[in-house]
Amino acid sequence: MVETATRDVVIVGGGHNGLVCAAYLAAAGLKVTVLERRAVVGGAAVTEEFHPGFRNSVAAYTVSLLNPKVIRDLDLARHGLKVVERGLANFLPLTEGRYLKVGGGKTPEEVAKFSTRDAGRLAAYGERLDLIADVLRDLVLETPPNVTAKGWLAALPELLRSARLGKRIAKLGLPLRRELLDLFVKSAGDYLDGWFDSAPIKAAYGFDGIVGNYASPYSAGSAYVLLHHVFGEVNGKKGAWGHAIGGMGAITQAMSRAASERGVDVRVSSGVREVLVEAGRAVGVVLDSGAAIRARSVVSNLNPKLLYGRLIDPRALNADFRERINGWRCGSGTFRMNVALSELPDFSVLRGTALGEHHTAGIIMAPSLAYMDQAYLDARQHGWSRQPIVEMLIPSTLDDSLAPPGQHVASLFCQHVAPVLPNDASWDAHREEVADLMIDLVNSHAPNFKAAVLGRQIMSPLDLERTFGLIGGDIFHGALSLDQLFSARPMLGYGDYRGPLKGLYMCGSGTHPGGGVTGAPGHNAAREILADFRRGILKRA
Ligand SMILES: Cc1cc2nc3c(=O)[nH]c(=O)nc-3n(C[C@H](O)[C@H](O)[C@H](O)COP(=O)(O)OP(=O)(O)OC[C@H]3O[C@@H](n4cnc5c(N)ncnc54)[C@H](O)[C@@H]3O)c2cc1C
């Protein structure tokens with residue numbers, strides 16, 4: 001069956017970027033339909049009840065990168081979004097009664113417990129990183145210069161864009177440009193070793209370099225992943241991480257309301273099985289139900305490998321493109337759990353189940369970069385690390401809408417596990433065993449933890465792929481490595497949200513500026529699509 005009305009735009013996937021893109025397009029007067037495979041929109045940013053009476057963010061669990069312009073333009077506060085800051089940024093329980101607290105104005109005195117030299121260097125480190133992060137912040141809402149093989153007319157605007165970028169970087173001065181280069185190519189470990197001596201502060205900062213990045217903190221390129229996690233802000237406070245009241249689903253529900261208010265037709269339980277291509281142009285989609293919807297343009301919110309590998313007839317793409325997209329590197333070393341808790345964890349190094357500021361923090365259970373390095377090596381060999389890295393967040397300490405009074409929910413964000421297990425082993429056979437290991441790890445720091453667990457939800461890399469379409473459980477829709485960033489995301493020549501097929505655009509995290517709940521790819525893709533409607537490359541239905 002073909003629906004008779006042709007849309008201006010059909011968006012495949014109702015993740016947060018699909019919703020943002022839809023809202024901008026509809027605000028400009030276009031007729032937009034969003035088609036989401038799951039029964040709920042939001043993609044990896046959703047809140048669900050996982051145990052009777054206990055709700056939590058299922059995948060993404062903490063907010064910082066969400067772009068302030070997107071928040072403003074979509075009026076997300078009016079649509080119910082409220083973000084609060086954590087009482088403390090991070091807490092690292094260590095051994096022999098020691099711990100490190102980061103944030104809340106305490107970092108220098110806390111770091112001085114381990115190294116006075118390191119404490120004295122914190123301010124300079126923060127300033128330096130912030131100046132570099134400002135460059136990234138400036139670029140987040142820009143379309144990267146696209147590499148083109150077409151004539152000078154097509155190349156000229158891209159050259160101008162490159163020149164503007166060059167000018168902006170030149171303004172940094174030579175020392176900062178050197179730092180920028182370091183952060184793009186070095187390992188997080190080498191970068192942090194250059195700044196600090198003591199292990200705990202390097203672990204606290206270095207954790208960001210391995211989040212969603214299946215690599216050692218000493219792998220080249222991990223410094224960029226660290227940088228990627230600091231360009232955000234919470235309520236105007238740069239680099240801070242916070243909590244959306246109601247969980248991450250509150251963000252995407254607010255986006256969905258903003259899109260619907262602008263007239264977007266948002267449909268759930270509407271998986272797309274094929275993008276229709278006629279004479280080299282995308283002209284609509286076929287749903288899993290067999291129904292076809294025609295549109296002047298199709299926008300994909302999916303991982304590019306999923307879009308081009310599974311939804312498009314290979315004959316519509318040339319061999320070089322197919323080979324390259326097939327080589328798109330996906331796969332985070334991430335294992336995600338939610339647990340319902342009867343009481344707060346009682347840490348051996350900081351006793352008590354009464355709410356303390358450390359309970360509101362991102363609790364990083366990994367004492368050093370060397371520990372993280374070993375975790376990666378272990379996972380490569382055995383499929384998961386016997387001493388894994390766990391960051392635990394207990395959002396119910398900031399939000400009483402998630403758990404019954406006096407009880408709690410915790411998000412466990414665990415690294416490193418292999419995206420695909422060695423020796424043909426399946427995650428289906430090992431999910432529970434690895435979940436037990438993660439709980440044991442937390443229990444080794446807080447001995448009341450295991451007994452306090454009332455229920456749990458487990459997301460192995462395979463579960464993340466099945467549930468959300470995140471290939472290899474890749475939380476970013478593709479590794480954040482230099483060969484897959486900026487103009488090369490997802491491929492040189494297609495870094496401007498367009499692809500090789502006319503009328504087919506990309507708006508997901510596999511485009512610049514990459515993963516995280518930012519709204520930026522959706523924002524930028526909408527601008528490019530609107531430009532094509534204005535230029536007459538796309539015609540209104
Ligand atoms: C475990 C985990 C933890 C994370 N933690 C954080 C965090 O704390 N903070 C943060 O900022 N970021 C975090 N991230 C990253 C962030 O969540 C993602 O990068 C971001 O949500 C991706 O958004 P998106 O809109 O680009 O794509 P997605 O959210 O992946 O949305 C794509 C949508 O397309 C749908 N879809 C797939 N196939 C089809 C089809 N054939 N037809 C129709 N629909 C389809 C999917 O169901 C999905 O809804 C995390 C991610 C994961 C997985």
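Which polar side-chain atom lies 2.8 Å from an oxygen atom of the ligand? In this predicted model, that atom belongs to His 477. The close-ups below start at the ligand and then move to Thr 143.

**View 1. The ligand and the residues around it.** Here you can see the ligand with the 31 residues that surround it. Glu 36, Thr 62, Ile 475, Ser 509 and Val 517 are the closest of them. Sorted by character, this shell holds 14 nonpolar, 13 polar and 4 charged residues.

**View 2. Oxygen atoms of the ligand and their polar partners.** Look for His 477, which places a polar side-chain atom 2.8 Å from a ligand oxygen. The backbone takes part too: a polar backbone atom of Gly 516 is 2.8 Å from an oxygen atom of the ligand. For Tyr 61, a backbone N or O atom lies 3.1 Å from a ligand oxygen. Taken alone, the ligand would expose 1,000 Å², and the protein buries 97% of that.

**View 3. Thr 143 in its loop.** This view turns to the loop that links α4 (116-140) and α5 (152-170), where Thr 143 is found. Is Thr 143 buried or exposed? Thr 143 counts as buried because its relative accessibility is 6%, under the 20% cut-off.

**View 4. The partners of Thr 143.** Beyond its neighbours within four places in sequence, Thr 143 is in contact with Arg 161, Gly 495, Asp 496, Tyr 497, Arg 527 and Glu 528. The side chain of Thr 143 makes a polar contact of 2.6 Å with the side chain of Glu 528. Another polar contact, of 2.9 Å, joins the side chains of Thr 143 and Arg 527.

Conventions: Residues are numbered from 1 along each chain as its sequence is written. This is a predicted model: local features need pLDDT of at least 70, side-chain atom pairs count only at pLDDT 80 or more; totals for chains, interfaces and linings use all residues. Side-chain values use heavy atoms; hydrogens and water are left out. A residue is near a molecule or strand if one of its heavy atoms lies within 4 Å of it. A polar contact is a pair of N or O atoms within 3.5 Å; within protein, one must be able to donate a hydrogen and the other to accept it, and residues adjacent in sequence count only if both atoms are side-chain atoms. Accessible areas come from the Shrake-Rupley method with a 1.4 Å probe; for residues, only the protein chains shown count as cover. Ala, Val, Leu, Ile, Met, Phe, Trp, Tyr, Cys and Pro count as nonpolar, Asp, Glu, Lys and Arg as charged, and the others, Gly among them, as polar. Helices (H or I, at least four residues) and strands (E, at least two) are DSSP runs, numbered from the N terminus. Buried means under 20% relative accessible area, exposed over 50%, partly exposed in between (1.4 Å probe, protein chains only). Contact means heavy atoms within 4.5 Å.
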